[in-house]
Amino acid sequence: MNKRMAPKGKLIIIGGAIDTGSFAETQFGLPQNMNFFERGILKRITTESAKGSDSRFEIMTTASLIPEKVGEEYIKAFAQLDVHDVGVLNIGNREEASNPAYAERIKNADVVIFTGGDQLRLSSIFGGTEIHRILLDKYENTSIVIAGTSAGAAASSKNMIYQGSSKDALLKGEVKITGGLGFIDDVIVDTHFVQRGRIGRLLYAAASNPGILGIGLGEDTGLYIFEGQMEAIGSGMVILVDGRHMADTNLTDVEMGQPVSIKNMVVHVMCDGDTYDLANHQLVIHHPRVVATE
């Protein structure tokens, strides 16, 4: 993490599936019982916001192929948490992203949530716009909560994976990386991580830029990031890939499409309650008390 002052805002990135924004992109349709209520990821977004359930929420459905449906599901989900000041911004192109009325809504938001879909739509539509500038400024200087699920999580960092099959990920050139929305530096985020077997994508990303911490978010799992600390939330796992001590790789020597070798890559696994210090690269594992049963 950079040595500059930590942002005053809070970032919550979610791996997918538990969230309507990403689940709705699958052929299975929307879940009948969205189990993130049990784990409290959406509730955590609410409680971390400046005004709690009275906060103004804006749901950014730009990444989604079915934005109207996704927006409706978020409104319903937050209503069950007694959150009713929820707006939906379905911004579909850069012209709309320059709409002053939309920029004003972002200025007045306490919470902004980017839904799932295609992260390249987020970077290409919002990158360099007034809305993007406002969000970066608010994240640096105010207590705004910015959350993203699936594509919204992947686009949250300065560097973003936008393409690459799981099975071919460790072939040179298969993983495609571009710039994201830049709320957090020195990390790269991948989502649906465990379920879709994406460890190769993160290993490749870390091998090609060992100074970046790879973050793999499992489904029904998120990270709460504030003041340089990351806390795992949800029922699944977060995989961290730390390439700072990588001893060797043949990445620059092999031809495009050839397998890549990596020596001494460090991997951590985080679960609910574990914390990681981005400045000191220290993981602290939470050891819950085991209650004996008869």
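Helices, of at least four residues, and strands, of at least two, are taken here as DSSP runs numbered from the N terminus. On that basis the protein chain of this predicted model holds 10 helices and 17 strands. Of its 294 residues, 51% count as buried, and among contacts between residues at least 6 apart in sequence, 73% join residues at least 24 apart.

Nine of the strands are assembled into an open sheet with mixed pairing, in the order β3-β2-β4-β5-β1-β10-β11-β16-β17. The edges of this sheet are formed by β3 (86-89) and β17 (282-284), each of which pairs on one side only, and the twist from one strand to the next averages 20 degrees. Strands of a sheet pair through backbone hydrogen bonds, in either a parallel or an antiparallel sense, and both senses can be followed here in individual strand pairs. Strand β1 (residues 10-14) is antiparallel to strand β10 (residues 221-226), with four bridges between the two; within this pairing, Ile14 stands opposite Gly222 of β10. Helix α3 (residues 41-48) packs on the sheet, where it touches β1, β2, β4 (111-114), β5 (145-149), β10 and β11 (229-234), and the direction of the helix makes about 170 degrees with that of β1. By contrast with the antiparallel pair, β2 and β3 run parallel and are joined by four bridges, with Val88 in β3 as the bridge partner of Ile59. Together with α4, these two parallel strands make a right-handed β-α-β unit.

The β-α-β unit also contains part of the aromatic pairing, for which a search of the whole structure finds six pairs. In one of them, Phe57 and Phe78 are tilted with respect to each other, at 4.7 Å centre to centre and with 50 degrees between the planes. Because Phe57 belongs to strand β2 (residues 57-60) and Phe78 to helix α4 (residues 67-79), this pair ties together parts that are 21 residues apart in sequence. Both Phe57 and Phe78 are buried. Phe78 takes part in a further pair, with Tyr74, which is stacked, the centres lying 6.4 Å apart and the planes 25 degrees apart. Tyr74 and Phe78 are four residues apart in helix α4 and are therefore separated by about one helical turn. Tyr74, like Phe78, is buried.

Elsewhere, ring pairs link Phe114, Phe126, Tyr139 and Phe183 into a cluster. Phe126 of this cluster is also among the residues touched by His132, which has contacts with Phe126, Gly127 and Leu181 when residues up to four places away in sequence are not counted. His132 is found in helix α8 (residues 130-141) and is buried, with a relative accessible area of 11%. Two aromatic rings are, in addition, faced by basic side chains: Lys10 lies over the face of Phe226, at 5.2 Å from the ring centre, and Arg44 lies over the face of Tyr224, at 4.5 Å from the ring centre.

Most residues other than glycine have a negative phi, and two departures from this tendency were examined. Asp82, placed in the loop between α4 and β3, has a positive phi near 65 degrees; Asp82 is exposed, with a relative accessible area of 51%, where the cut-off for exposure is over 50%. Ser150, located in the loop between β5 and α9 (151-154), likewise has a positive phi, of about 55 degrees, although Ser150 is not a glycine. In its surroundings Ser150 contrasts with Asp82, since Ser150 is buried, with a relative accessible area of 7%, whereas Asp82 is exposed.

Burial extends along much of helix α10 (residues 199-208), in which eight of the 10 residues are buried, so that the helix is largely enclosed by the rest of the structure. The buried residues of α10 are Gly200, Arg201, Leu202, Leu203, Tyr204, Ala205, Ala206 and Ala207.

Note on methods. Residues are numbered from 1 along each chain as its sequence is written. This is a predicted model: local features need pLDDT of at least 70, side-chain atom pairs count only at pLDDT 80 or more; totals for chains, interfaces and linings use all residues. Side-chain values use heavy atoms; hydrogens and water are left out. Rings of Phe, Tyr and Trp (its six-membered ring) pair if their centres lie within 6.5 Å; planes under 30 degrees apart count as stacked, over 60 as edge-to-face and the rest as tilted. Buried means under 20% relative accessible area, exposed over 50%, partly exposed in between (1.4 Å probe, protein chains only). A charge sits over a ring if NZ of Lys or CZ of Arg is within 6 Å of the ring centre and within 35 degrees of the ring normal. Two strands pair if DSSP finds at least two bridges between them. Axes are lines fitted to C-alpha atoms, for helices over the stretch in contact, and angles run from 0 to 180 degrees between N-to-C directions. Contact means heavy atoms within 4.5 Å. A crossover is right-handed if, with the strands pointing away from the viewer, the path from the first strand over the helix to the second runs clockwise.
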